[in-house]
Amino acid sequence: MGVYIFYLFGTGLIATSIVAILMKNPVHSVLSVVSSFFFLAGIYAGLSMQFLAVIQILVYAGAIMVLFIFIIMLFDLQKSEYSKDRFLWRDLVPLALILITAAGFISAISRSESIKNYVANAKLPSNFGSVSAVSFEFFGTSNSVGRFSFLFEVISILLLSAIVGAVVLAKRKL
Amino acid sequence: MFKIFLMSTTESLSKSLDLTTTYLPIVMMIVVALIVAFGMLALSIFAGPKYPSKAKEYPFECGWLLDSKDTKRKHSIKFYMVAIMFLIFDLEIVFMYPWAITFRQIGLVSLVEMFIFLSILVVGYIYVWKKGILEWD
């Protein structure tokens, strides 16, 4: 069952991503990216990562795509300014290189004995991916600090630098 | 080869949670939402009475000049600033969901951790406030 869900959402994800690249109108591209985010959320859900799936839709499809649309509005592109790039045969060279590299990675991973053993013996805790499981990793339990408690605090510094960076970039006079 | 690998990966990962039963309510909700949305559109297209007239076909605009050609006006950078600030504080709130759910089980430790997290972000909030980003001048 799980593998069919993966194929379904994986195909949708790749298709919408390709459409996002090929569209001339940037708004159409953004809409395609939004649907690719939904497919990605489906893959997360298929891997039992429910909290991540919901956050993917909430933050990425909700907030970050709004920001993308804002940026497109800021650019104020006219139809005449849309990309006029045509398909060229030499574009196939990087594509072929990417495909060869990807095929190498995939064959290396699927042949690896250690990964195969790990996958065969992998056992997830029953609450894997739930909101409370994520929380215990971040905040610990009643008598110990969580595995990612320090990283969680570092995230606040990352967000702080994002705030300062946005202000410095967009404000005319500091 | 790759297919077997993929199958074993996804099967073992999804073993602990039976996918069909866990997500069935969500799938049903999505299906019902699609049926309602497209069903209403289809009903109004096929079953609704149609008396087209010139006035009805005229584009309806509210609070905007009629016949304005460029609907994509240049937008102020302030919209972008508001969007960025929303995004950052949105991400901050995302971390409070799991915190709030397990707060009773974890207790004081998580309270202290969240206070450190928020106090660092309050510095950014004060910075934004002092720089006048929150004002629309």
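**Exercise 1.** Is A:Ser135 buried or exposed?

*Solution.* Some ground rules before we start: this is a predicted model, where local features need pLDDT of at least 70, side-chain atom pairs count only at pLDDT 80 or more, and totals for chains, interfaces and linings use all residues. Residues are numbered from 1 along each chain as its sequence is written, chains are lettered from A and ligands numbered from 1 in the order written, and side-chain values use heavy atoms, with hydrogens and water left out.

Step 1: find A:Ser135 in helix α6 of chain A (helices are DSSP runs of H or I, at least four residues, numbered from the N terminus).

Step 2: its relative accessible area is 0%, so A:Ser135 is buried (buried is under 20%, exposed over 50%, partly exposed in between; 1.4 Å probe, protein chains only).

Step 3: look at its contacts (heavy atoms within 4.5 Å). Setting aside neighbours within four places in sequence, A:Ser135 touches A:Gly140, B:Pro98, B:Trp99, B:Thr102 and B:Ile106.

**Exercise 2.** Work out where A:Lys79 sits and how exposed this residue is.

*Solution.* Step 1: A:Lys79 is in the loop between α3 (50–75) and α4 (92–111) of chain A.

Step 2: its relative accessibility is 69%, so A:Lys79 counts as exposed.

Step 3: the C-alpha atoms of A:Lys79 and A:Asn25 are 7.9 Å apart, though the two residues are 54 apart in sequence.

**Exercise 3.** Find the largest nonpolar core and the element that gives the largest share of it.

*Solution.* Step 1: the largest core has 31 residues (a core is a set of buried Ala, Val, Leu, Ile, Met, Phe, Trp, Tyr and Cys residues joined through side-chain atoms within 4.5 Å).

Step 2: α4(B) gives the largest share, 8 residues.

Conventions:
Helix = DSSP H or I, 4+ residues; strand = E, 2+ residues; numbered from the N terminus.
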